[in-house]
Amino acid sequence: MTDQRINPSILSADFVNLQSELEAIASADLVHVDVMDNHFVPNLTMGPPIVERIQAVSPIPLDVHLMISDADRWAPGYAELGAYSVTFHAEAAAEPVKLARRLREIGARAGIALKPGTDPEPYLEILPEFDQVLVMTVEPGFGGQSFMADMMPKLRRFAEAKRASGLDLWLQVDGGISVDTIGIAAEAGADTFVAGSAVYGGVPEERIADLRTAAAAHRHA
Ligand SMILES: O=C(CO)[C@@H](O)[C@H](O)COP(=O)(O)O
């Protein structure tokens with residue numbers, strides 16, 4: 001996999017034609033699968049049976065983003081389905097370290113996501129337990145929202161911690177990522193970019209290529 005990853009979010013895809021929508025993003029790195037429970041966030045998407053089918057037909061690996069309550073209970077099931085990475089919310093897990101260890105034990109990369117209002121400091125010391133940190137650049141729940149540039153100090157904080165520790169950690173951003181905003185996130189330290197409406201709002205293969213070019217022009221110094 002490349003050192004900068006573009007992960008289209010199928011939240012913006014046509015759910016009735018998911019298989020062809022997945023084939024349309026075969027040039028991306030991973031497919032970002034937004035699982036929402038209408039409890040942790042005010043929206044409802046899918047659960048294990050649909051994710052299992054996506055896993056079966058997707059040409060690229062699954063990057064599962066759990067926007068669900070009680071992550072401790074439900075997240076391991078997504079790793080068992082074969083997801084490449086499983087990211088749960090810091091705000092939704094009672095024992096994040098224990099859960100991350102369980103995900104890794106099953107064979108998935110373990111990710112932790114932070115809502116815009118969540119302080120990064122308590123999570124800096126447990127970074128070795130994770131393979132990925134997701135800094136939300138919108139309030140989770142819906143696609144098509146505006147990028148929150150005021151999340152860049154948080155992203156930089158994780159980028160500094162990553163550099164200081166030498167950890168092989170992916171820094172992901174999600175929400176409002178487009179050719180106009182991806183460079184801002186890349187400069188602040190993101191290396192993994194989730195984009196929904198920016199990819200599915202045009203010809204996905206072309207949009208993915210444009211996002212790659214824009215990200216590559218703005219690498220973190
Ligand atoms: O997790 C979420 C929303 O909660 C995202 O993955 C969105 O699906 C991103 O959509 P765009 O902001 O790129 O349209």
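**Close-up 1. Aspartate 34 sits in strand β2 of this predicted model.** Aspartate 34 counts as buried because 24 C-beta neighbours lie inside 10 Å, where 20 or more are needed. Not counting residues up to four places away in sequence, aspartate 34 touches Ser9, Leu11, Thr45, His65 and Met67.

**Close-up 2. Aspartate 174 belongs to strand β7.** With 27 other C-beta atoms within 10 Å, aspartate 174 is buried. Its contacts, leaving aside neighbours within four places in sequence, are His65, Leu134, Met136, Thr137 and Val194.

**Close-up 3. Asp34 and Asp174 are the positions that UniProt lists for "active site".** The listing comes from an unreviewed entry. The two positions span 141 residues in sequence, yet no two of their C-alpha atoms are more than 10.7 Å apart, so they gather at one spot. His65 appears among the contacts of aspartate 34 and also among those of aspartate 174.

**Close-up 4. The ligand has 22 residues around it.** Those that come nearest are Ser9, Leu11, Gly143, Gly196 and Ser197. Two or more residues of the shell are given by each of β2 (31–36), β8 (192–195) and α8 (197–200). By type, the shell around the ligand divides into eight nonpolar, twelve polar and two charged residues. Ser9 and Leu11 are also touched by aspartate 34.

**Close-up 5. Helix α6 covers residues 152–165.** At 1.5 Å a residue, its 14 residues should span 20 Å, and the end C-alpha atoms are 20 Å apart, which agrees. The buried residues of α6 are Met152, Lys154, Leu155, Phe158, Ala159, Ala161 and Lys162. What covers these buried residues includes two helices, α5 (121–124) and α7 (182–188), and two strands, β6 (132–136) and β7 (170–174). Strand β7 is also the place of aspartate 174. After α6 comes glycine 166, with a positive phi near 75°.

**Close-up 6. The largest nonpolar core has 72 residues.** The residues with the most contacts inside this core are Leu66, Val86, Phe88, Leu155 and Phe193. Helix α6 provides the largest share of the core, five residues. Leu155 is one of the buried residues of that helix.

**Close-up 7. Phenylalanine 88 is shown with its contacts in the fold.** Leaving aside neighbours within four places in sequence, phenylalanine 88 is in contact with Leu66, Ala71, Ala75, Ala93, Leu99, Ile112 and Ala113. Leu66, one of these contacts, is itself listed with Phe88 among the core residues with the most contacts.

Key
Residues numbered from 1 in each chain as written. Predicted model: local features only at pLDDT ≥ 70, side-chain atom pairs only at ≥ 80, totals over all residues. Near = placed C-beta within 6 Å. Helix = DSSP H or I, 4+ residues; strand = E, 2+ residues; numbered from the N terminus. Nonpolar A, V, L, I, M, F, W, Y, C, P; charged D, E, K, R; others polar. Expected span 1.5 Å × (residues − 1). Buried ≥ 20, exposed ≤ 12 C-beta atoms within 10 Å, placed from the backbone. Contact = placed C-beta atoms within 7 Å. Core = buried A, V, L, I, M, F, W, Y, C linked by C-beta atoms within 7 Å. UniProt positions renumbered as here; feature names shortened; annotations may be inferred.
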